[in-house]
Amino acid sequence: FDLGDFTEQALANILWSFAKSGEKKPELFQTLGDHIVVRSLDDFWPQALSHVVWAYANAGESHPELFKKIGDHIALLERL
């Protein structure tokens, strides 16, 4: 499957669902994180970004490049 076919909300929902289930899937988090890093975050609604961050935190997964991109994106927003 092509991750480019997934909406921003779908990516956030997938991560949220796996984090909520408690099922450990580090390769899924790494793959989706790598994909989100190369996408424009301008298309993500703030709620979707918060779900992505929550999912990583709740699943105990890390993706420093993704977190930096999200942090930089939020810092440049005129309003949330």
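Here is a short chat about the salt bridges and the nonpolar core in this predicted model.

User: Why is the pairing of arginine 39 with glutamate 8 called a salt bridge?

Analyst: The closest N and O atoms are 2.9 Å apart, and the cut-off is 4 Å, so the pair qualifies. Arginine 39 sits in the loop between H2 and H3 and glutamate 8 in helix H1, so the pair ties together parts 31 residues apart in sequence.

User: How do you know whether arginine 39 and glutamate 8 are buried or exposed?

Analyst: Buried means under 20% relative accessible area. Arginine 39 has 14% and glutamate 8 has 15%, so both count as buried.

User: What makes glutamate 23 and lysine 25 a salt bridge?

Analyst: Their closest N and O atoms are 3.6 Å apart, which is within 4 Å, so the rule is met.

User: Why does lysine 68 get called exposed, but its partner aspartate 72 partly exposed?

Analyst: Exposed starts over 50%. Lysine 68 has 52%, so it counts as exposed, while aspartate 72 has 37% and counts as partly exposed. Their side chains meet at 2.7 Å, N to O. Being four residues apart in helix H4, aspartate 72 and lysine 68 are separated by about one helical turn.

User: Which residues does valine 52 touch, and which helix gives the most to the largest nonpolar core?

Analyst: Leaving out residues up to four places away in sequence, valine 52 touches Ala12, Leu15, Ile36, Leu66 and Ile70. The largest nonpolar core has 19 residues, and Val52 is among those with the most contacts inside it. H3 gives the most to this core, with six residues.

Note on methods: Residues are numbered from 1 along each chain as its sequence is written. This is a predicted model: local features need pLDDT of at least 70, side-chain atom pairs count only at pLDDT 80 or more; totals for chains, interfaces and linings use all residues. Side-chain values use heavy atoms; hydrogens and water are left out. A nonpolar core is a set of buried Ala, Val, Leu, Ile, Met, Phe, Trp, Tyr and Cys residues joined through side-chain atoms within 4.5 Å. Buried means under 20% relative accessible area, exposed over 50%, partly exposed in between (1.4 Å probe, protein chains only). Helices (H or I, at least four residues) and strands (E, at least two) are DSSP runs, numbered from the N terminus. Contact means heavy atoms within 4.5 Å.
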